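Ready for a short walk through a protein? Open the structure in your viewer and keep the selection tool at hand.

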Amino acid sequence: MWWGLLCALGAAIAYGVASVMQAVAAQATDTGADGVDPKLLVRVLGQWKFVLGLALDVLGFVAQIVALHVLPLFVVQAALAASLAVTAVAARFLGVRLGRREWAAVAVVCAGLALLGTAAESEGSDPVGLGFRLVLIGAVVVLAGAGIAAGKANRRVRTPALGLVAGLSFGVVAIAGRIIPSLAPLDLLTDPATYTVAVAGGMAMLFYATALQRGSVTTSTAMMVLGETVFPSLIGVFALGDRTRPGFAVVAVAGFVLAVAAALALARFGEPATEPRTETKPTVFP
């Protein structure tokens, strides 16, 4: 089970570096039309930083799929939230000083993940049928509509709403990836969950790129983390049979809350270095 956790942490590292590169690329790309513009993905693909970030996303996704078939969803998704800690530590090497609060948050993320690793059993084995897969497809349709509506909302609502819809879409990707029984080509081609992964993943990238381009990266990332951790974790427990070791439920809950809350505290480190900061003390928190 520990190698599954290592895969989840590897995915977090890949996603953490990728999100910073994609944020820089999105901020440097022409805004184009108002609302959610599918052509945005075409434009950002002209930025080499976005393409490299996308390659890291692919590597991270492969590691995530491996982890999902070994560990419960609540462990894997909380580990992915640690990508914000990766971003914060990377910021240290880019000349941004971390204060005591930031280093404490990094330590709390690590402690939370350690608690989760201690409390988790292997991933649940409750079978799901075609009905569950159709529900996921329905969720993708609903999220597509919600994302389009969020893109037309006023600026104060638009950024957090797009970030949350992107996170929920990433959550659907995790759930669909979890229920794929095998990675054999024939199984992948005949399982509706494979196409759910592809469509939900594309939607998530589009909504997240739109949120990054037109609003605060901190807000977008924080809402995305909430969407991609809490929602799939609940589905894993209540529908897929994810469980903790006997007597370790409280430890697992504590680890999950600590990891996600500390990751949210580090969300501001997703901001591109070129963006002007508005805080009075932008680099050090006492």
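We will stop at a helix, a charged side chain, a core and a single threonine. Keep in mind that this model is predicted.

**Stop one: helix α12.** Select residues 249-265, which make up helix α12. At 1.5 Å a residue, its 17 residues should span 24 Å, and the end C-alpha atoms are indeed 24 Å apart, so the two agree. Now colour Ala252, Gly255, Phe256, Ala259, Val260, Ala262 and Ala263, which are buried. Look down the axis of α12: these buried residues fall within an arc of 165 degrees, so they line one face of the helix. Why can residues spread along a helix share a side? An α-helix has 3.6 residues a turn, so residues three or four places apart point the same way. Turn to the face of α12 directed away from the buried side, and you will find the exposed residues Val250, Val253 and Ala265.

**Stop two: a charge over a ring.** Select Arg245 and Phe248. Arg245 lies over the face of Phe248, 4.3 Å from the ring centre.

**Stop three: the core.** The largest nonpolar core has 62 residues. Show Val75, Val109, Leu113, Leu116, Leu136 and Leu266, the members that touch the most others. Which helix gives the most to this core? Select residues 155-179: helix α8 contributes nine residues.

**Last stop: Thr210.** Find Thr210 in helix α10, residues 192-214. Is Thr210 buried or exposed? Its relative accessibility is 1%, so Thr210 counts as buried. Finally, add Ala166: 44 residues separate Thr210 and Ala166 along the chain, while their C-alpha atoms are 9.7 Å apart.

Technical notes:
Residues are numbered from 1 along each chain as its sequence is written. This is a predicted model: local features need pLDDT of at least 70, side-chain atom pairs count only at pLDDT 80 or more; totals for chains, interfaces and linings use all residues. Side-chain values use heavy atoms; hydrogens and water are left out. Helices (H or I, at least four residues) and strands (E, at least two) are DSSP runs, numbered from the N terminus. The expected span of a helix is 1.5 Å times one less than its number of residues. Buried means under 20% relative accessible area, exposed over 50%, partly exposed in between (1.4 Å probe, protein chains only). The arc is that of the directions from the helix axis to the C-beta atoms. A charge sits over a ring if NZ of Lys or CZ of Arg is within 6 Å of the ring centre and within 35 degrees of the ring normal. A nonpolar core is a set of buried Ala, Val, Leu, Ile, Met, Phe, Trp, Tyr and Cys residues joined through side-chain atoms within 4.5 Å.
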